[in-house]
Structures are given as C-alpha cells and as structure tokens.
Amino acid sequence: IVLKASRERVWRAISDSSRFGMWFGVEIDGPFVAGREANGRIAPTKADPDVARLQEPYAGYPWQVVVERIEPMRLFSFRWHPSAVDPDHDYSDEPMTLVTFELEDADDGIRLTITEAGFERIPLERRAKAMENDEGGWTHQTKLIEKYLQLEVRTRTA
C-alpha cells in the first residue's frame with residue numbers, strides 16, 4: 001500500500017508499540033525492542049469501528065511476538081504464531097512465521113510492504129486456515145494503518 005504520509009509518521013505507526021496497537025488492535029505492555037518478546041492482548045482497533053467489531057470476540061486474548069529486526073525508517077520485523085486465537089491450544093512448540101514491514105519512497109508517499117513467511121513450517125492441520133486468516137487479516141491491516149494515519153492528522157489539526 002502507498003500511504004500518503006511522511007516516512008517518519010509511517011515509521012512511528014509501525015515501530016512504536018502504542019501506536020501500532022491502536023491501528024492493529026492490540027494493547028502491548030511495553031516498547032518493541034529487537035531480540036525481545038512483546039506481549040499484550042487483543043483489543044479492538046481504534047481506527048475503524050467495523051473492523052473493531054470483528055476483533056471484539058477476541059478481546060483479551062494473549063498477543064505475543066518476538067521482535068526480530070528494527071532498522072529505523074526502513075524495516076521492522078517480528079516472529080509470531082499466526083492465527084493463535086484458540087485458548088485451549090498451546091502454540092509454544094510450533095514454529096513462528098516472520099512478519100516484515102518495509103518502507104520505500106513512492107511517488108505519492110511511502111510504500112509499505114508487509115510480508116509473512118514461514119507458513120510451510122506451520123503444522124499441516126493448521127496451515128491452510130492460518131494462511132487464509134492472515135491473508136484476510138493483512139488486507140484489513142493495510143486499510144487500518146491508512147485510516148489510523150488519516151485520523152492522526154485530523155486529531156492533530158482539530
């Protein structure tokens with residue numbers, strides 16, 4: 001997605017854990033630090049009421065990532081267990097996928113590319129559903145970050 005915002009604003013939206021949580025739909029207990037876990041819980045997004053309603057049934061579920069890399073103004077990545085929303089399932093022994101957010105200059109703003117790799121290592125019985133859920137989820141998330149950045153501008157100018 002090409003976001004009509006400065007590189008600095010897009011970077012803060014993906015790398016600052018509190019801002020990330022507002023659009024993504026999580027409450028995170030501390031900052032993102034490379035090589036460390038970031039823990040929190042699902043909390044409906046502040047960027048879009050319709051998506052917030054979709055997230056509501058999962059409110060309070062644990063959310064955990066391991067921050068892989070932080071390359072300021074260019075790349076942020078973490079590992080996680082995709083679609084880990086069954087409270088009766090222990091995901092801790094399963095491999096994690098790698099989610100990468102990359103920023104590049106574009107004619108009309110900043111191009112944000114989100115990739116998720118490693119699904120081939122997810123247990124076969126969960127793989128197809130995890131891929132399907134995350135594909136749809138990332139479609140929502142690209143719209144949410146765009147709306148968040150628009151709301152942030154309106155809030156600052158109001």
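Which residue in β3 is the bridge partner of I28? Keep that one in mind for a moment, everyone, while I say hello and introduce the structure. What we have here is a predicted model. The answer to my opening puzzle is G40, which partners I28 from β3.

Let's build outwards from that pair. Strand β3 covers residues 37–42, and β2 and β3 pair in the antiparallel sense through three bridges. On to the next neighbour: β3 also pairs with β4, again antiparallel, and here there are five bridges. If you'd like a spot to look at, find R41, which stands opposite P62 in β4.

Now for the whole sheet. It is open, has seven strands, and reads β1-β7-β6-β5-β4-β3-β2 in order, with antiparallel pairing. Why is one side of β1 and of β2 left without a neighbour in the sheet? These two, β1 at 2–3 and β2 at 26–28, stand at the edges and have a single partner strand each, so one side of each has no strand beside it in the sheet.

Next, the helices. Helix α1, residues 7–15, lies across β1, β4, β5, β6 and β7. Its run makes an angle of about 170° with β6. Helix α2, residues 17–24, packs on the sheet as well, where it touches β2, β4, β5 and β6. The direction of α2 is at about 165° to that of β2.

There is a link between α1 and β6 that I'd like you to see. D105 and R7 form a salt bridge, and their closest N and O atoms are 2.9 Å apart. Because D105 sits in strand β6 and R7 in helix α1, the pair ties together parts that lie 98 residues apart in sequence. As general background, side chains of opposite charge can pair when their charged atoms come close. In total, the structure holds twelve salt bridges.

My last stop is the largest pocket, with about 950 Å³ of space. Its lining is made up of 33 residues, and those nearest the centre are I42, W80, S83, A84 and V85. Which elements give two or more residues to this lining? They are β3, α3 (49–55), β4 and α4 (124–157). Helix α4 gives the most, with seven residues. Sorted by class, the lining of this pocket has 16 nonpolar, 14 polar and three charged residues.

So that's the tour, and we are back at β3: the strand that holds G40, the partner of I28, also gives residues to the lining of the largest pocket. Thanks for listening!

Technical notes:
Residues are numbered from 1 along each chain as its sequence is written. This is a predicted model: local features need pLDDT of at least 70, side-chain atom pairs count only at pLDDT 80 or more; totals for chains, interfaces and linings use all residues. Side-chain values use heavy atoms; hydrogens and water are left out. Two strands pair if DSSP finds at least two bridges between them. Helices (H or I, at least four residues) and strands (E, at least two) are DSSP runs, numbered from the N terminus. Contact means heavy atoms within 4.5 Å. Axes are lines fitted to C-alpha atoms, for helices over the stretch in contact, and angles run from 0 to 180 degrees between N-to-C directions. On a 1 Å grid over the protein atoms alone, a cavity is a set of points where a 1.4 Å probe fits but cannot get out, and a pocket is an open set with protein on both sides within 12 Å along at least five of seven lines; lining residues have an atom within 4 Å of a point. Grid points are joined across faces, edges and corners, and a volume is the space filled by probe spheres set on the points. Ala, Val, Leu, Ile, Met, Phe, Trp, Tyr, Cys and Pro count as nonpolar, Asp, Glu, Lys and Arg as charged, and the others, Gly among them, as polar. A salt bridge is a side-chain nitrogen of Lys or Arg within 4 Å of a carboxyl oxygen of Asp or Glu.
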